[in-house]
Each structure stands twice: as structure tokens, then as C-alpha cells.
Amino acid sequence: YRKWIAKKRPQLTEAHAAARLKWVEERKDWTEEQWGHYIWSDGCSVEKGKTGGVKWVFRKEGENPYQVGLVDSTK
């Protein structure tokens, strides 16, 4: 077995999924010019003094460590 740090992922609710689907369907026929008005970025937040705890996932050699073992990051 090997240990891996578990990835944090927020739970995707039915409401979130429906909102995402609606957003995509409204823009499915947009032109490249229309998409040019959007700026894409990865979100990240940093809080001073918050270390959180490391959650470990244990997997056998050869298993994908990121396939399962996600940690819910909702508050």
C-alpha cells in the first residue's frame, strides 16, 4: 500500500448540476467573438493561519490514487 493526500472537492448538488446545464445550453451556439468576452481562471483562496488537516488515502500499488478518496470541502 501507498498513501496519497486526498483531493478536496465540493459536493455537486442537483441544483448545481441543473444551473450548469442551463448555463451551457444558453451558450451552446455562441460565436468565438461572444466567448471572447469571458475570462477563464482557476479559483483559489488562501487564508492566513488556516492549515487544515491533511487527509490521507491508502491505495494498493498500481491503483489510481485519485479515482476515489475525495474529501468533501463544503462547510
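# Group meeting: R27 and its surroundings

I will start with one residue. At 14% relative accessibility, R27 counts as buried, because buried means under 20% relative accessible area. R27 sits in helix α1. Please keep in mind throughout that this is a predicted model.

Now the chain as a whole. Its secondary structure amounts to 2 helices and 4 strands. In sequence order the pattern reads β-β-α-α-β-β. Of the 75 residues in the chain, 8% are buried, and R27 is buried, as I said. The accessible surface of the chain is about 7,300 Å². Carbon and sulfur atoms account for 53% of that surface.

A word on contacts. Take the contacts in the chain between residues at least 6 apart in sequence: 75% of them join residues at least 24 apart.

One pair that is distant in sequence is K55 and K7, which are 48 residues apart along the chain. Their C-alpha atoms are separated by 8.4 Å. K55 is placed in the loop between α2, residues 32–35, and β3, residues 56–59. Is K55 buried or exposed? Neither label applies: K55 has 48% relative accessibility and counts as partly exposed, because exposed means over 50%.

Back to R27, and to the charged side chains. Side chains of opposite charge can pair when their charged atoms come close. How many salt bridges does the structure hold? There are 2. In one of them, the side chains of E26 and R27 meet at 3.3 Å, N to O. In another, K22 meets E26 at 3.7 Å, again N to O. K22 and E26 are both in helix α1, 4 residues apart, which is about one turn of the helix. E26 takes part in the bridge to R27 and in the bridge to K22, and K22, E26 and R27 are linked in a network of salt bridges.

The members of this network differ in how they are covered. K22 is exposed, with a relative accessible area of 52%. E26, at 47%, counts as partly exposed. R27 is buried, at 14%. So the network includes an exposed residue, K22, a partly exposed one, E26, and a buried one, R27.

Next, what does R27 touch, not counting residues up to four places away in sequence? The answer is W35 and Y38. That brings us to the aromatic residues.

A pair of aromatic rings is described by the distance of the centres and the angle of the planes. Searching the whole structure gives 5 aromatic pairs. One of them is W23 with Y38, an edge-to-face pair with 5.9 Å centre to centre and 90° between the planes. Why does this pair tie together parts that are 15 residues apart in sequence? Because W23 lies in helix α1, residues 14–27, while Y38 lies in the loop between α2 and β3. W23 is partly exposed, with a relative accessible area of 30%. Y38 is also partly exposed, at 29%.

Y38 pairs with W35 too. Their ring centres are 5.7 Å apart and the planes stand at 50°, so this pair is tilted. W35 is partly exposed, at 27% relative accessibility. Together, W23, W30, W35 and Y38 form one aromatic cluster.

To put the two topics side by side: R27 meets E26 in a salt bridge, and E26 also meets K22. R27 also touches W35 and Y38, and those two belong to the aromatic cluster along with W23 and W30. If you want to follow this on the structure, begin at R27 in helix α1, look for E26 and K22 in the salt-bridge network, and then look for W35 and Y38, which R27 touches.

Key. Residues numbered from 1 in each chain as written. Predicted model: local features only at pLDDT ≥ 70, side-chain atom pairs only at ≥ 80, totals over all residues. Heavy atoms only, no water. Buried < 20%, exposed > 50% of the residue type's maximum accessible area, 1.4 Å probe, protein only. Phe/Tyr/Trp six-rings, centres within 6.5 Å; stacked < 30°, edge-to-face > 60°. Salt bridge = Lys/Arg side-chain N within 4 Å of Asp/Glu carboxyl O. Contact = heavy atoms within 4.5 Å. Areas by Shrake-Rupley, 256 points an atom, 1.4 Å probe, with all protein chains shown as cover.
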